[in-house]
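Let's take a walk through this model together, with the sequence and coordinates open beside the text. We will start from a single side chain and work outwards from there.

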Amino acid sequence: MAISQAFDKVQSLHLTPAQWLRTFVSVLFPLGVFGLVNFLADPLGMQPLFFSPFGMPGWIGAIFHLSQLACLGAAYAAITRAGSSHSAGFWVMLTTAGFIALPFATSALDPFQLTLAGTSLFLLSVGTLLRVAPHSQGAVWFMTPALVMVGLATVMGLLLAASYLPPFAPIYVQTHSAAV
């Protein structure tokens, strides 16, 4: 019985050519929108800045970010393939829009505002994950890398912001007392 259920599950993973095409377009669509936003923002002097932790070069952060966008597109494809409610797909699109906009907003924000924006995107991602989970486990797995990266960025941003803001600021106290 368990073997036949597992076989049925594997058989349900086979996609028709139309479903393959829809998945392919869904994966590439966020990347295309990011490229279009980059094309439109470049004359305005806005360059995307990517999260590259632990001293990694910026191009590695760009690869991580673009792969997160592709994963979010795959999550949208999994939601639409599951034939679930439009609400879950809308939330995935909203989260994807946040991931597209964040690198362009990074240069205009100070560190504390950037931490708030990252925290907001993290909370939006968690809420989207909770909305998607009942409809498609595949979409949850595709959303997980984006959630991990934005969670890491949020934690690092909160730690840095807390280390420089007065009530918790051992760094602030040391530099402030040395200047006096």
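**From one ring to a helix pair**

Phe34 has a relative accessible area of 6%, so this residue is buried (buried means under 20%, exposed over 50% and partly exposed in between, with a 1.4 Å probe and protein chains only). Before going further, please note that this is a predicted model, in which local features need pLDDT of at least 70 and side-chain atom pairs pLDDT 80 or more, while totals for chains, interfaces and linings use all residues. Residues are numbered from 1 along each chain as its sequence is written, and side-chain values use heavy atoms, with hydrogens and water left out.

Which ring does Phe34 pair with in the loop between H2 and helix H3? The partner is Phe50, 16 residues apart from Phe34 of helix H2, and the pair links distant parts of the chain. Helices here are DSSP runs (H or I, at least four residues; strands are E, at least two), numbered from the N terminus. The ring centres of Phe34 and Phe50 are 6.0 Å apart and the planes stand at 45°, so the pair counts as tilted. For such pairs, rings of Phe, Tyr and Trp (its six-membered ring) must have centres within 6.5 Å; planes under 30 degrees apart are stacked, over 60 edge-to-face and the rest tilted. Phe50 itself is partly exposed, with a relative accessible area of 23%. Ring pairs also bring in Phe104, giving a cluster of Phe34, Phe50 and Phe104.

That cluster leads us to the helices. H2 (residues 17–41) packs with H4 (residues 86–105) at an angle of about 30°, the axes being 10 Å apart. Axes are lines fitted to C-alpha atoms, for helices over the stretch in contact, and angles run from 0 to 180 degrees between N-to-C directions. H2 and H4 are therefore roughly parallel to each other (under 35 degrees; over 145 is roughly antiparallel, 65 to 115 roughly perpendicular and the rest oblique). On the H2 side the contact (heavy atoms within 4.5 Å) is made by Pro30, Val33, Phe34, Val37, Asn38 and Ala41, and on the H4 side by Thr96, Ile100, Pro103 and Phe104.

A last stop lies in helix H6 (residues 137–164), where we find Val155. Val155 is partly exposed, at a relative accessible area of 46%. Between Val155 and Thr115 there are 8.7 Å in space, C-alpha to C-alpha, although the two are 40 residues apart in sequence.
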